[in-house]
Amino acid sequence: RYNPGGDGAPPPPPVPEGGEEGPAPEAAVAPRMLISLVGKGHSEFSSSRQQDAAEYLAHLVEAIGRAERARGGRLGDGVAALGELSSFALEERVEAAGQVAYKRVPGSALSLQIPLELASNAAEVAAHEAKEDKRQKLDPAAAPPPDDPVVPLVSFEACLSRYLAVETLENFRGHAGAAKTTRFATFPRVLVVQLSRYYTDADWTAKKMAVAVPVPETLSLEAFRGGGLQPGESPLPDEPNEPAPAPAPAASPQPDEAIVAQLVSMGFSENGARRAALAVSNSSPEAATEWVFAHMEDADFNDPLPPPGSSGQAGGGGGGGGPEASPEAIEMLSAMGFTERQARGALAATGGAVERAADWLFSRTDDLESAVAAALGEGGGGGGGGGA
C-alpha cells in the first residue's frame with residue numbers, strides 16, 4: 001500500500017470500526033505499475049525477462065534511496081532511510097605468521113551457500129533417490145508417484161555457520177596458508193538474506209537446488225560479533241609498496257612501412273627507402289622521395305640500416321655521416337657565392353658530390369641555414385632533405 005501524502009494527496013481510507021482495513025484500489029499500486037516505475041531507464045529491469053531477486057532488490061532500494069535524498073525534508077526527523085535499515089558491516093580477520101590484519105567490508109545483504117552435505121535427512125533423501133532410480137529403470141515412461149518428493153533439509157544455522165567458518169587463503173601479503181574469519185562489525189535493523197540455490201552442473205548448465213531451508217522465527221547473531229584488534233594481537237604490516245619499474249629505454253625510430261612501400265613501388269631499393277623514411281622522420285612520402293633523389297648516389301644508400309644506437313642510422317650522408325669534404329670542392333662551391341660552412345653542409349648531405357651539392361644548395365635557399373645545420377648534425381637532424 002502506498003499513500004503519497006503531501007499537499008492535495010487523498011487521505012487513506014478509514015478502517016472500519018472493529019474490523020480490518022478493507023481494500024482501497026485508489027491508494028494501491030499495481031505490481032505492473034511498480035515494475036515499470038522502478039525499471040524505467042534500466043536496460044535489464046525495464047524488460048520482461050526473468051530477474052535475479054537479489055539484484056532487483058538492490059536496485060529497488062537504490063531507486064528509493066535516490067528519491068529519499070531528493071525529498072529528504074518530507075521524511076521528518078528521526079526517520080531512517082530505507083537503505084540504512086539493511087546496512088551492516090562485516091569484519092574480516094586474517095591471521096598469518098602469528099600476526100593479524102583486520103578489514104571492514106560494508107554490506108546490505110547476506111549471501112549464504114547451502115551445504116547439502118549437512119542435510120539432516122540425508123538418509124531419507126538417499127533412499128528416495130534410490131527408489132526413484134529403480135522406478136525409472138523398470139518403467140521410464142511411467143509418471144512419477146503423486147506423493148511429494150523427499151528433498152534435503154538443511155538448517156539455516158548450518159548455512160550461516162558455513163559462511164562464517166574459517167577460510168584458508170593460499171597467499172596473503174606474501175604469507176601462505178593464512179586463516180580468514182568473518183564476523184559482524186555492526187548489525188542491521190533488518191537482515192536481508194539470500195540463499196544461493198542456483199549452481200553450475202557438470203555439463204555447464206545452470207540448475208536450481210531442490211532443497212528446503214527452514215528459517216527460525218528468532219535469530220541471535222551476538223555470538224558472531226567481531227571485536228577488532230584484541231590485546232596481545234600483533235597487527236600484520238601492510239604489504240610493502242613495490243618499487244616503480246624502471247622506465248623502458250626509448251625505442252629506436254623505425255621507418256614508416258607505408259612510406260617504404262611507396263618508395264619501393266617507385267623502383268628504389270628497400271634499404272634505401274628505409275633510410276629515406278628515417279632521414280625525414282617519417283614526415284611524408286614526398287619528403288622521403290626528395291631525400292632519395294638527393295642521396296641515391298651515396299655509397300651506403302643501398303646498405304642495410306646500422307644497428308639501433310649506432311651513428312648514421314638516418315641514412316647515407318645525413319647528419320654529417322658522409323666523407324670529409326675536399327678543399328677543392330669547398331672552393332668551387334664558395335665561388336658560386338656560398339660560405340664555407342654552407343659548402344661543407346651541402347657536401348656532407350650529398351656524399352661529397354660537387355654537382356649534387358650545388359643543386360642541394362640552390363634548392364634550399366628559402367631556409368638554407370636550417371638545412372645546413374641539419375646536414376652538419378648541429379640540430380640533431382637527419383638528412384637535410386625535408387626542407388625544400
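Biologist: Hello! Where do I start, and how many helices and strands does the protein chain have?

Modeller: Welcome! The secondary structure of the protein chain comes to 12 helices and 8 strands. Keep in mind that this is a predicted model. The chain has 388 residues, and 29% of them count as buried. Its accessible surface is about 24,700 Å², with 55% of that belonging to carbon and sulfur atoms.

Biologist: What share of the contacts with a separation of 6 or more comes from residues 24 or more positions apart?

Modeller: In the protein chain that share is 60%. We will meet some pairs of this kind later.

Biologist: Let's turn to sheets. In what order do the strands of the open sheet lie?

Modeller: The general idea is to walk across the sheet and name each strand in turn. Here the open sheet has 4 strands in the order E2-E1-E5-E4, and the pairing is antiparallel. At the edges stand strand E2 (99-107) and strand E4 (167-172); each has a single partner strand, so one side of each has no neighbour in the sheet. From one strand to the next, the twist averages 35°.

Biologist: Over how many bridges do E1 and E2 pair?

Modeller: E1 and E2 pair over 9 bridges, in the antiparallel sense. To find one of them, look at Ala-89, whose bridge partner in E2 is Pro-106. The hairpin of these two strands has 2 residues between them, and Ala-97 takes a positive phi near 55° there. At the other side of the order, E4 pairs with strand E5 (residues 175-186) over 5 bridges, again in the antiparallel sense. Asn-171 stands opposite Ala-176 in E5.

Biologist: Can we zoom in on single residues? Which residues does Arg-93 contact, leaving aside its neighbours within four places in sequence?

Modeller: Arg-93 sits in strand E1 (residues 88-96). Its contacts beyond those neighbours are Val-100, Ala-101, Tyr-102, Ala-179, Lys-180, Thr-181 and Glu-233. The side chain of Arg-93 also makes a polar contact of 3.4 Å with the side chain of Glu-95.

Biologist: And Thr-168: is it buried or exposed?

Modeller: The cut-off helps here: exposed means over 50% relative accessible area. Thr-168 has 62%, so this residue is exposed. Thr-168 belongs to strand E4. Outside its neighbours within four places, Thr-168 is in contact with Gly-177 and Ala-178. You can also try a distance: the C-alpha atoms of Thr-168 and Thr-181 are separated by 9.0 Å, and the two residues are 13 apart along the chain.

Biologist: Which way do the side chains of a strand point?

Modeller: In a regular strand, side chains alternate between the two faces of the sheet. Strand E3 (residues 110-113) shows this pattern: Leu-110 and Leu-112 point to one face and are buried, whereas Ser-111 and Gln-113 point to the other and are not. E3 pairs in the parallel sense with strand E6 (residues 193-196), over 4 bridges. One bridge to find is that of Gln-113, whose partner in E6 is Ser-196.

Biologist: What do the buried residues of H5 pack against?

Modeller: They pack against E3 and E6. In helix H5 (residues 156-163), the buried residues are Phe-156, Ala-158, Cys-159 and Leu-160.

Biologist: Now for rings. How many aromatic pairs does the structure hold?

Modeller: The structure holds 6 aromatic pairs. Phe-268 and Phe-293 form an edge-to-face pair, at 5.8 Å centre to centre with 80° between the planes. This pair links distant parts of the chain, 25 residues apart: Phe-268 is in the loop between helix H6 (257-265) and helix H7 (270-279), and Phe-293 is in helix H8 (residues 285-295). With 13% relative accessibility, Phe-268 counts as buried.

Biologist: Why is the pair of Phe-338 and Phe-362 edge-to-face?

Modeller: Planes over 60 degrees apart count as edge-to-face. The planes of Phe-338 and Phe-362 stand at 70°, with ring centres 5.1 Å apart, so the pair is edge-to-face. Phe-338 lies in the loop between helix H9 (327-334) and helix H10 (340-349), and Phe-362 in helix H11 (residues 354-362), so the pair ties together parts 24 residues apart in sequence. Phe-338 is buried at 10% relative accessible area, while Phe-362, at 48%, counts as partly exposed.

Biologist: Which residues do ring pairs link into a cluster?

Modeller: Look for Phe-88, Phe-184 and Phe-187, which ring pairs link into a cluster. Happy exploring!

Note on methods: Residues numbered from 1 in each chain as written. Heavy atoms only, no water. Phe/Tyr/Trp six-rings, centres within 6.5 Å; stacked < 30°, edge-to-face > 60°. Buried < 20%, exposed > 50% of the residue type's maximum accessible area, 1.4 Å probe, protein only. Contact = heavy atoms within 4.5 Å. Areas by Shrake-Rupley, 256 points an atom, 1.4 Å probe, with all protein chains shown as cover. Polar contact = N/O pair within 3.5 Å; in protein donor to acceptor, adjacent residues only side chain to side chain. Pairing = 2+ DSSP bridges. Axes fitted to C-alpha atoms, helices over the stretch in contact; angles between N-to-C directions.
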